[in-house]
Each structure stands twice: as C-alpha cells, then as structure tokens.
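Trainee: I am new to this structure. Please take one helix and walk me through it closely.

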Amino acid sequence: MLGVVLLDLRMPDMDGFEVAERLRADPATAGVPIIVLTHLEMTRAERDRLAGRVSHLAQKGHLDRVELVDLVARLSGPHAGEQERVP
C-alpha cells in the first residue's frame with residue numbers, strides 16, 4: 001500500500017531535508033510521495049536539495065484543505081509515483 005508523507009522542513013530535533021533524503025535512500029520508502037509544507041522562504045540551494053526527492057513543495061497557509069486533500073488523492077491515486085516538478 002502506497003502512502004503519502006507530509007513533511008515540515010523545520011522540526012524540533014530533526015532536519016526535514018535529511019528526512020526526505022533518508023526516505024528516498026531506503027528502498028522500502030523510496031517510492032512514497034513526499035509533500036513538503038513549510039513556512040520557510042526557500043533559497044535556490046534548498047529547492048535544489050529537494051529536487052527529485054519530493055513530490056510537491058508548498059508554503060503553509062497557501063494550500064487550503066480541499067487542495068491538500070486533492071493533492072494527496074492525486075499522489076496516492078492511479079498515477080502515484082510520478083513526481084511533480086518542484087519549482
């Protein structure tokens with residue numbers, strides 16, 4: 001069963017960038033879509049670090065519940081595993 005990970009990049013005692021990297025490196029979780037929701041203003045270097053590792057990147061407060069539910073459904077639906085491009 002394919003799931004979806006909702007990930008914040010800044011967590012107490014954890015680095016969300018490293019979490020994404022570890023999820024992709026583990027064969028058991030490599031195909032699980034990752035949605036990053038963050039308050040951070042992302043630098044180009046941070047976006048580059050996430051490129052190819054996450055399915056979607058969104059600013060907290062800019063994605064409402066309906067959009068989030070639609071995104072989760074799309075990423076866990078029949079076309080799951082197709083990565084969206086991180087801007």
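Mentor: Start with the terms. Helices and strands here are DSSP runs, of at least four residues for a helix and at least two for a strand, numbered from the N terminus. Keep in mind that this is a predicted model. With those terms, the chain has three helices and five strands. From the N terminus on, the order is β-β-β-α-β-α-β-α.

Now to helix α1, which spans residues 16-25. Look at its start. There, a side-chain oxygen of aspartate 15 comes to within 2.8 Å of the backbone nitrogen of phenylalanine 17.

Next, look around the helix. Gly16, Phe17, Ala20, Leu23 and Arg24 are the buried residues in α1. Why do they share a side? They lie on the same side of α1 because they cover an arc of only 130 degrees around the axis. Turn to the other side of α1, and Arg22 and Ala25 are exposed.

What covers the buried residues of α1? The cover includes strands β1 (5-7), β2 (10-11), β3 (14-15) and β4 (34-38). Helix α2 (44-50) is also part of that cover.

Take one residue of α2: glutamate 46 sits in this helix. Glutamate 46 counts as buried because its relative accessible area is 18%, and buried means under 20%. Not counting residues up to four places away in sequence, glutamate 46 touches Arg10, Phe17 and Glu41. Phe17 is a buried residue of α1.

Now follow α1 inward. The largest nonpolar core has 12 residues. Phe17, Ala20 and Leu23 are among them. So are Leu7, Leu9, Ile34, Val36, Leu40, Met42, Leu50, Val54 and Leu57. Both α1 and β4 supply at least two residues each to this core. Helix α1 gives the most, with three residues.

Leucine 7 shows how these parts meet. Leaving aside neighbours within four places in sequence, leucine 7 is in contact with Gly16, Val19 and Ala20. The contacts of leucine 7 also include Ile34, Ile35, Val36 and Leu37. Apart from the largest core lies another one, of five residues, among them Ile35, Leu37, Leu71 and Leu75.

Last, step back to the whole chain. Of its 87 residues, 31% count as buried. Among contacts between residues at least 6 apart in sequence, 54% join residues at least 24 apart. The chain exposes about 5,700 Å², and carbon and sulfur atoms supply 56% of that.

Key:
Residues are numbered from 1 along each chain as its sequence is written. This is a predicted model: local features need pLDDT of at least 70, side-chain atom pairs count only at pLDDT 80 or more; totals for chains, interfaces and linings use all residues. Side-chain values use heavy atoms; hydrogens and water are left out. Buried means under 20% relative accessible area, exposed over 50%, partly exposed in between (1.4 Å probe, protein chains only). The arc is that of the directions from the helix axis to the C-beta atoms. Contact means heavy atoms within 4.5 Å. A polar contact is a pair of N or O atoms within 3.5 Å; within protein, one must be able to donate a hydrogen and the other to accept it, and residues adjacent in sequence count only if both atoms are side-chain atoms. A nonpolar core is a set of buried Ala, Val, Leu, Ile, Met, Phe, Trp, Tyr and Cys residues joined through side-chain atoms within 4.5 Å. Accessible areas come from the Shrake-Rupley method with a 1.4 Å probe; for residues, only the protein chains shown count as cover.
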